[in-house]
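Here is a walk through one protein chain, written for someone who would rather look at the model than at a table. Have the structure open and follow along.

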Amino acid sequence: MLSKKTKYALKALILLGKNQHNPPMQIAQIAEMERIPKKFLEQILLELRKAGMLYSKKGAGGGYTLNKKPEDIYIAQVLRLTDGPIAMVPCASLNFYHHCEECINEETCGIRSLFVDVRDATLSYLSKTSVADLIAKEEKAGNHSLMS
């Protein structure tokens with residue numbers, strides 16, 4: 001299940017992607033439009049900025065904008081940044097691997113084998129799905145929450 005942190009990060013990225021040709025958005029504006037607690041959003045946006053996904057401008061007319069095109073921000077990147085591993089068990093993780101204490105032999109473990117397949121399928125989909133794709137899905141569904 002997605003954490004609220006990841007869901008809020010994606011919602012903010014989608015909104016900023018829809019707003020990419022407009023002036024920077026302030027945290028309070030994003031929080032209100034997407035119904036995200038402001039303090040929590042501040043932490044999330046800072047993390048996204050440190051990862052190079054966002055740009056922040058201070059002062060009058062300041063706020064946040066995407067630092068990359070929406071089509072260059074992939075959901076797998078966001079998920080790993082905000083939630084860590086994509087794999088459901090530590091022994092199946094590519095970037096956060098840990099041996100399972102109770103496992104006798106990883107090579108013959110059916111559970112690990114299953115969840116490596118699940119990880120690969122999930123990663124394949126999330127690695128080719130971008131913020132631009134999510135924006136397109138929302139627009140197709142008729143969710144136009146931002147005025148241009």
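## Where H1 meets H2

Start with the first helix contact. On the H1 side you'll find Lys11, Ala12, Leu15 and Leu16, and they meet Ile30, Met33 and Glu34 in H2. Sorted by class, this contact has five nonpolar residues, two charged ones and no polar ones. Keep in mind that you're looking at a predicted model.

As for the geometry, H1 covers residues 4-18, and its axis comes within 10 Å of the H2 axis, with a crossing angle of roughly 110°. Angles of 65 to 115 degrees count as roughly perpendicular, so that is the label for H1 and H2.

## Ile30, a buried residue in H2

Ile30 sits in helix H2. Is it buried or exposed? Its relative accessible area is 0%, and buried means anything under 20%, so Ile30 is buried.

Its neighbours are worth clicking through. Leaving out residues up to four places away in sequence, Ile30 touches Ala12, Leu15, Leu16, Met25, Arg35, Leu41 and Leu45. Take Leu15 from that list: it is 15 residues from Ile30 along the chain, yet the two C-alpha atoms are separated by 7.6 Å.

## Arg35, in the loop after H2

Now step along to Arg35, which is in the loop between helix H2 (27-34) and helix H3 (38-50). Its backbone deserves a look: Arg35 has a positive phi of about 55°, although it is not a glycine.

Arg35 also has a relative accessible area of 75%, and because the cut-off for exposed is over 50%, it counts as exposed. That sets Arg35 apart from Ile30, which is buried and which touches Arg35.

## Where H1 meets H3

H1 has a contact with H3 as well. The H1 residues are Lys4, Lys5, Tyr8, Ala9, Ala12 and Leu13, and they meet Phe40, Leu41, Ile44, Leu45, Glu47 and Leu48 in H3. By class, the residues of this contact divide into nine nonpolar, three charged and no polar.

The two axes come within 10 Å here and cross at roughly 70°. That angle falls in the 65 to 115 range, so H1 and H3 are roughly perpendicular too. Ala12 is worth a second glance, since it appears in the contact of H1 with H2 and also in the contact of H1 with H3.

## The aromatic pair

How many aromatic pairs does the model have? The count comes to one. Tyr8 and Phe40 make it up, in an edge-to-face arrangement with 5.7 Å from centre to centre and 75° between the planes. The pair links distant parts of the chain, with Tyr8 in helix H1, Phe40 in helix H3 and the two positions 32 residues apart.

The partners sit in different surroundings. Tyr8 has a relative accessible area of 11%, which makes it buried, while Phe40, at 27%, counts as partly exposed.

## Met53 and the hairpin

Past H3, look for Met53 in the loop before strand E1 (54-57). It counts as buried, at 4% relative accessibility. Again leaving out residues up to four places away in sequence, Met53 touches Leu13, Leu48, Leu66, Asn67, Lys68, Ile73, Gln77, Val78 and Leu81. Another landmark is Val131, which is 78 residues from Met53 in sequence and 11 Å away in space, C-alpha to C-alpha.

E1 then pairs with strand E2 (residues 63-66) in the antiparallel sense, over four bridges. One of the bridge partners to find is Tyr64 in E2, across from Ser56. The two strands form a hairpin with five residues between them, and Gly59 in the turn has a positive phi of about 85°.

## Zooming out

The protein chain has six helices and two strands, and from the N terminus the order runs α-α-α-β-β-α-α-α. Its C-alpha atoms fill a box of roughly 60 × 30 × 25 Å along the principal axes.

Of the 148 residues in the chain, 38% are buried; Ile30, Tyr8 and Met53 are among them. Finally, take the contacts between residues at least 6 apart in sequence: 60% of those join residues at least 24 apart.

Methods:
Residues numbered from 1 in each chain as written. Predicted model: local features only at pLDDT ≥ 70, side-chain atom pairs only at ≥ 80, totals over all residues. Heavy atoms only, no water. Buried < 20%, exposed > 50% of the residue type's maximum accessible area, 1.4 Å probe, protein only. Axes fitted to C-alpha atoms, helices over the stretch in contact; angles between N-to-C directions. Parallel < 35°, antiparallel > 145°, perpendicular 65-115°, else oblique. Contact = heavy atoms within 4.5 Å. Nonpolar A, V, L, I, M, F, W, Y, C, P; charged D, E, K, R; others polar. Phe/Tyr/Trp six-rings, centres within 6.5 Å; stacked < 30°, edge-to-face > 60°. Pairing = 2+ DSSP bridges.
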